[in-house]
Amino acid sequence: MDILECSLLNGQWDSKLDTELESRPAIAMLAKDVIDGKFREVLTSLWARAFFRASGLQDNSYEESFSWQLPSVADEAEKELIQVVLAVASLHAFIQANWTGPDLDINPSEVIVDVMNPTLISDEVLDMKAVSELAYGGEPAYHLAQHATFLRLAQLIFALPYHHCISVCWWRLRTMIIHEQLLDEAVPLPTDAHDSLGSLLQTLTGDTGDRDLAGRLQLEQGRLEHIFCHDKAASDRFVQAARATGLQYELTGALGRRTKFQQNDLSQLVLLAESRKRNDSPADAIPDNLVDQSCTPDDMSNMTYSNLPVTLGLNDDTLLEQTIFTSSAPSSTTSQLSHLDPVSQPPLHPLDQCILLSLCLNVRNTSPSHGLTSEQMSPYVARVISHPKNWSVHTMALLLRSRLESGRTRTVERSVLQLQALVDQMPTADSPLPERLLYFHSIPLPSKWEMERELALRFLTLGVVKSALEIFERLEMWEEVVKCWQSMEMTDKAVAIVRDLLEGRKEEAESVILRGKDLPSPRRGKLDSARQAKLWCLLGDLEPDNAVGHYERAWALSKETSGRAMRSLGGYYFARGEFEKAISCLQRAVKINPLLSRSWFILGCTYIRLENWEGARDSFSRCVSIDDEDGESWNNLASMYLRLDSSQNILESDVSGENQLSKAKSFSNRMLAFRALKQGLKYSYDNWRMWTNYMIVAMDVGELSEACRALTRIVEERSAKTGAECVDEEVLERLVNAVTRVPAGLDQSAGDDDRRRDAVNNPNEGHGLLRRVLDLFDRTILPRVSSPRIFRAYARLLTFQSRWEDALKAYLDWYRCSVAGTFEKEETDAEKWREAVNEVEDVVDVLKNFGPRVQGINWRHQARSIVRTFMGRSKDFDDQAEWSRLVEFQSELRTEE
């Protein structure tokens with residue numbers, strides 16, 4: 001890779017490039033200006049003047065208007081390098097205007113020259129055109145993005161064919177990530193987007209490659225996967241990036257304190273991390289005061305640096321600013337990082353800090369949403385905040401801390417104030433632009449409008465609706481504005497706002513209206529169609545009686561590209577039972593944007609209503625491929641496999657009878673259902689209905705140990721509300737049968753070695769299952785609920801173990817809960833009395849069989865007492881034929897004595 005290309009990717013001027021200034025001074029100087037953030041000099045240079053000459057821009061698209069010529073450059077490699085430099089300048093100018101700040105000092109109209117229209121086209125017109133062209137996959141781009149023209153130009157330049165500059169595929173990736181953040185919803189990219197990155201990564205990871213550059217590429221690939229919610233793939237990329245840069249990290253524990261009044265040291269989570277030793281570089285150089293290990297935690301939190309965002313103090317009367325570790329060593333002594341002192345860890349390289357922040361985000365995405373997840377994320381953020389080294393990285397770390405603190409009463413105030421401070425710092429020039437851009441592509445820093453939106457949403461959670469409403473109206477996020485009015489129970493106000501926008505009585509933005517006046521009316525309509533379509537969808541949500549007309553109008557306005565219109569219309573038809581129409585709409589919606597799992601989910605539910613099991617299976621399969629933490633979709637997918645199984649069995653039995661092939665297919669479907677439920681339960685652990693389905697399917701496929709685990713969870717979840725009804729007694733008895741069907745004793749000389757080994761090791765029957773079933777009875781069921789069938793099953797299990805005394809006690813507990821044990825004198829039901837007589841006979845037989853084997857028990861006396869008590873309660877039935885059996889029992893017991 002050309003050394004100039006490497007410097008552009010790194011965002012740093014390499015000292016080795018001084019020779020380039022002598023050999024090709026013009027190109028090298030242009031690249032240096034880009035690295036230094038001097039975009040005005042680059043975009044108004046002679047090469048830029050020639051390159052950005054357009055023809056008929058007012059009537060044509062950007063792609064049609066530019067010929068991208070550099071007549072003064074003959075060498076093809078140099079021409080490509082100049083194109084890349086100009087494209088990077090355009091991309092970073094857009095990023096400066098909308099992400100990092102400070103305010104941009106150049107406008108698109110100063111860059112573009114239209115040879116057919118010498119009079120300057122206004123910046124507003126150029127940006128409107130760019131915003132309309134940046135809409136992609138049915139999703140509109142944010143219409144108030146500043147200087148969107150620069151992003152569109154960068155897109156078009158990077159899309160040109162290149163044969164010498166191998167870094168172009170990486171710049172395309174960076175442009176894609178920025179473009180995705182501009183859209184309302186994530187949209188899938190072309191399939192060939194990643195193809196050329198593989199060879200570039202191999203080049204960078206080779207023996208002569210740049211380890212940090214390879215780590216950056218893998219980190220940015222992980223960021224793209226993160227945008228699409230492909231959390232597993234993103235996690236793999238982040239780990240590979242850490243391996244490439246040589247970052248070592250470990251989440252462990254160390255003794256410390258978190259509150260001011262804590263007396264005893266407790267184990268606290270801490271992230272040990274260490275960067276590999278690098279040669280001196282600009283990125284490694286940090287001020288001495290940032291590495292001063294003598295600073296106390298309180299000092300660190302109160303420090304401010306002129307070129308870094310302000311870190312606000314907590315100032316709480318109980319919580320410390322940060323955890324104070326009192327141990328000089330982590331609890332794990334076998335780790336490679338055991339030499340690190342949790343109190344004073346060495347500063348990390350900024351790139352390694354970016355990797356830790358990405359790993360922190362992945363903890364949240366791959367874990368359930370509860371306090372433990374926040375506790376696990378906090379050490380990553382604290383490790384980065386402890387040694388601030390770069391403006392963008394530190395901003396991202398403070399933003400993540402603000403998000404983590406938003407759910408706790410003692411930290412929510414700092415959370416909001418810190419977020420407000422981060423929003424306010426964007427337009428300021430408190431740090432140089434090159435520093436802000438240095439690691440921008442390696443962190444998921446939100447745009448200015450997204451950060452303000454997050455602040456408004458934070459206000460909403462605190463009940464500060466008016467402040468949130470002001471921000472949303474300024475950002476023209478009308479969907480959120482409507483939600484604010486609805487939360488105040490003023491839906492009519494929300495309807496009025498949307499209607500005013502659509503009918504022109506309220507300006508969506510004064511500047512947008514003024515821009516439109518510079519264009520012919522057909523062009524203005526085309527530019528505004530995406531926003532208008534979204535507003536019509538919003539009006540449809542607010543006016544259910546006229547929803548169909550509003551959604552269809554949105555669909556027509558967008559020229560059948562609005563995924564939102566079809567999603568809303570499909571949901572409307574589904575709610576009203578018009579399933580055929582719903583399927584038609586939802587199929588169009590998922591074709592436009594197949595990344596929205598909710599659309600696939602509703603489509604799957606619609607197929608279920610029409611008993612189209614294969615269509616439903618495919619839909620829910622797409623749901624879980626997009627979001628593998630969607631427990632409900634996993635449950636529905638399992639149900640579809642079972643439905644397919646039953647329908648195939650009916651069809652095959654009707655046609656040709658059941659055969660071995662159909663049996664194998666049926667079992668395969670049931671196993672797929674079992675695996676789907678097992679995966680879904682990881683994310684719906686408290687859903688007792690899913691556990692019930694899992695238990696039944698597990699019994700069906702022979703996974704009895706899993707069925708036992710499922711029954712345990714069901715009892716834990718439901719016993720307090722439903723009592724003994726929460727226990728599926730049939731399943732419980734089948735589990736006991738599976739244990740007791742093998743011989744109780746495993747004599748070495750008694751049989752086959754393989755059978756004996758299976759009986760011990762097989763977790764789904766015999767002795768391998770015994771312990772699980774015993775735990776189910778002893779730890780879960782019996783401490784919570786009881787019933788006659790439960791006690792009887794338990795007694796059978798104890799009998800299998802030859803625990804005669806416990807088995808006898810369980811049988812007697814069964815009798816006390818049975819019909820005979822609870823028989824009342826006033827009872828008149830003869831059938832119930834006959835059932836009770838049989839139970840008396842059973843318990844007497846049990847006492848005869850087990851009594852002699854238990855020492856210290858007078859079983860005959862107990863048996864006589866049971867018979868005598870029952871006969872005393874049921875004297876009204878002495879005319880029944882079964883009464884003579886009771887008399888015989890009594891006589892036999894007296895004779896035996």
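Two strands are treated as paired if DSSP finds at least two bridges between them. In the present model, which is predicted, this criterion yields an open sheet of three strands in the order β4-β3-β5, with antiparallel pairing. The strands β4 (266-274) and β5 (319-325) stand at the edges of the sheet, and each has a single partner strand, so one side of each is left without a neighbour. On average, and with direction ignored, neighbouring strands of this sheet are turned by 45° against each other.

The pairing of β3 with β4 is antiparallel and comprises nine bridges. Within this pairing, alanine 254 has glutamine 268 of β4 as its bridge partner. Threonine 252 is likewise bridged to a residue of β4, namely valine 270. The connection from β3 to β4 is a hairpin, made through six residues. On the other side of the sheet order, β3 (residues 248-259) pairs with β5 in the antiparallel sense over three bridges. Here glycine 256 stands opposite phenylalanine 325 of β5. In general terms, side chains in a regular strand alternate between the two faces of the sheet.

The internal space of the model was examined next. Rolling a probe the size of a water molecule over the atoms shows where empty space is left. The count of cavities of 30 Å³ or more comes to three. The second largest cavity holds about 70 Å³ of space. Its lining is formed by Leu8, Gly11, Val34, Ile35, Val88, His92, Pro434, Leu437 and Leu438. Three helices, α3 (25-35), α7 (76-100) and α19 (433-438), each supply at least two residues of this lining. Of the contributing elements, α19 gives the most to the lining of the second largest cavity, with three residues. In terms of residue character, the lining of this cavity divides into seven nonpolar residues, two polar residues and no charged ones.

Several backbone features lie in loops. Glycine 101 and proline 102 are joined by a cis peptide bond, for which omega is about -10°. Proline 102 belongs to the loop between α7 and β2 (113-114). A positive phi value, near 55°, is found at tryptophan 68, a residue other than glycine. Tryptophan 68 is placed in the loop between α6 (62-65) and α7. With a relative accessibility of 8%, tryptophan 68 counts as buried, because the cut-off for this class is under 20%. Asparagine 315, also a residue other than glycine, has a positive phi near 55°. This asparagine 315 is situated in the loop between α14 (297-302) and β5. Asparagine 315 has a relative accessible area of 68% and is therefore exposed, the cut-off being over 50%.

Cysteine and glutamate residues complete the description. The number of disulfides in the model is zero. Among the cysteines, cysteine 229 has a relative accessibility of 44% and counts as partly exposed, whereas cysteine 537 is buried, with a relative accessible area of 0%. Glutamate 480 lies in helix α22 (residues 478-487). The relative accessibility of glutamate 480 is 12%, so this residue counts as buried. Between glutamate 480 and arginine 453 the separation is 27 residues in sequence and 9.1 Å in space, taken from C-alpha to C-alpha.

Key:
Residues are numbered from 1 along each chain as its sequence is written. This is a predicted model: local features need pLDDT of at least 70, side-chain atom pairs count only at pLDDT 80 or more; totals for chains, interfaces and linings use all residues. Side-chain values use heavy atoms; hydrogens and water are left out. On a 1 Å grid over the protein atoms alone, a cavity is a set of points where a 1.4 Å probe fits but cannot get out, and a pocket is an open set with protein on both sides within 12 Å along at least five of seven lines; lining residues have an atom within 4 Å of a point. Grid points are joined across faces, edges and corners, and a volume is the space filled by probe spheres set on the points. Helices (H or I, at least four residues) and strands (E, at least two) are DSSP runs, numbered from the N terminus. Ala, Val, Leu, Ile, Met, Phe, Trp, Tyr, Cys and Pro count as nonpolar, Asp, Glu, Lys and Arg as charged, and the others, Gly among them, as polar. Axes are lines fitted to C-alpha atoms, for helices over the stretch in contact, and angles run from 0 to 180 degrees between N-to-C directions. A disulfide is a pair of cysteine sulfur atoms within 2.5 Å. Buried means under 20% relative accessible area, exposed over 50%, partly exposed in between (1.4 Å probe, protein chains only).
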